[in-house]
Amino acid sequence: MLPVREGETVMKKEEITGKLKPVFQKVLEENDITITREMTAQDIESWDSLHHIQLISEVERAFGIKFKLREVLGMKNVGDLIDLIHAKQGVAA
């Protein structure tokens, strides 16, 4: 992702959460999913290891960022994902 240019704003965490919802709905094939910071794979029956990889890939695509393996392994819940997306905005991949 390119650095944030003058006049552009970094997405707020609430906006990130809103943008994550359709990604989770698509990958997990659940239209009534609610995204919370505390949510983990254990909370969603269809969220298995394959879906986890697909989620990471789709999130990277949706936000124009790349995660390092240690970042992915360090995530404990969706809140960690939101915080990481927020931190990566404006940082070159």
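This report describes the helices of a predicted model, how they pack, and several individual residues.

## Overall architecture

The chain contains 4 helices and 0 strands. Read from the N terminus, its elements follow the order α-α-α-α. The chain has 93 residues, and 35% of them count as buried.

Contacts that link distant parts of the sequence can be described by a share. Among contacts between residues at least 6 apart in sequence, 59% join residues at least 24 apart. The exposed surface of the chain amounts to about 6,100 Å², and carbon and sulfur atoms supply 53% of that area.

## Helix H1 and the residue after it

Helix H1 covers residues 13-28. H1 has 16 residues, and the distance from its first C-alpha to its last is 22 Å, close to the 22 Å expected at 1.5 Å a residue. Its buried residues are Ile16, Leu20, Val23, Phe24, Gln25, Val27 and Leu28. These buried residues pack against H2 and H4. An α-helix has 3.6 residues a turn, so residues three or four places apart point the same way.

Glu29 comes just after H1 and has a positive phi of about 55°. Glu29 takes this positive value although it is not a glycine. The residue is placed in the loop between H1 and H2. Glu29 has a relative accessible area of 69% and is therefore exposed, the threshold for that class being over 50%.

## Helix H2

Helix H2 comprises residues 49-63. The 15 residues of H2 should span 21 Å at 1.5 Å a residue, and the end C-alpha atoms are indeed 21 Å apart, so the two values agree. At the start of H2, a side-chain oxygen of Asp48 comes to within 3.3 Å of the backbone nitrogen of Leu50. After H2 comes Gly64, which has a positive phi near 65°.

The buried residues of H2 are His51, Leu55, Ile56, Glu58, Val59, Glu60 and Phe63. They pack against helix H1, helix H3 and helix H4.

## His51, a buried residue of H2

His51 belongs to helix H2. His51 counts as buried because its relative accessibility is 18%, and the cut-off for this class is under 20%. Leaving aside neighbours within four places in sequence, His51 is in contact with Val27, Leu28 and Ser46. Val27 and Leu28 are themselves among the buried residues of H1.

His51 and Val27 are 24 residues apart in sequence, yet their C-alpha atoms are 6.6 Å apart in space. A polar atom of the His51 side chain lies 2.7 Å from the backbone oxygen of Ser46.

## Glu71 and helix H3

Helix H3 consists of residues 69-74, and Glu71 lies within it. With 19% relative accessibility, Glu71 counts as buried, because the limit is under 20%.

Leaving aside neighbours within four places in sequence, Glu71 is in contact with Lys66, Leu84 and Lys88. With Lys88, the contact is polar and runs from side chain to side chain, at 3.3 Å. Both Leu84 and Lys88 appear among the buried residues of H4.

## Helix H4 and its crossing with H1

Helix H4 extends over residues 78-88. At its start, a side-chain oxygen of Asn77 reaches to within 3.0 Å of the backbone nitrogen of Gly79. The buried residues in H4 are Val78, Gly79, Leu81, Ile82, Leu84, Ile85 and Lys88. They pack against H1, H2 and H3.

Two packed helices are described by the angle between their axes and the distance between the axes. For H1 and H4, the axes come within 10 Å and cross at roughly 115°. This crossing of H1 and H4 is right-handed. On the H1 side, the residues that meet H4 are Lys13, Ile16, Thr17, Leu20 and Phe24. Their partners in H4 are Val78, Leu81, Ile82, Asp83, Ile85 and His86.

Key. Residues are numbered from 1 along each chain as its sequence is written. This is a predicted model: local features need pLDDT of at least 70, side-chain atom pairs count only at pLDDT 80 or more; totals for chains, interfaces and linings use all residues. Side-chain values use heavy atoms; hydrogens and water are left out. Helices (H or I, at least four residues) and strands (E, at least two) are DSSP runs, numbered from the N terminus. Buried means under 20% relative accessible area, exposed over 50%, partly exposed in between (1.4 Å probe, protein chains only). Contact means heavy atoms within 4.5 Å. A polar contact is a pair of N or O atoms within 3.5 Å; within protein, one must be able to donate a hydrogen and the other to accept it, and residues adjacent in sequence count only if both atoms are side-chain atoms. The expected span of a helix is 1.5 Å times one less than its number of residues. Accessible areas come from the Shrake-Rupley method with a 1.4 Å probe; for residues, only the protein chains shown count as cover. Axes are lines fitted to C-alpha atoms, for helices over the stretch in contact, and angles run from 0 to 180 degrees between N-to-C directions. A crossing is left-handed if the near helix is turned anticlockwise from the far one by less than a right angle, and right-handed if clockwise.
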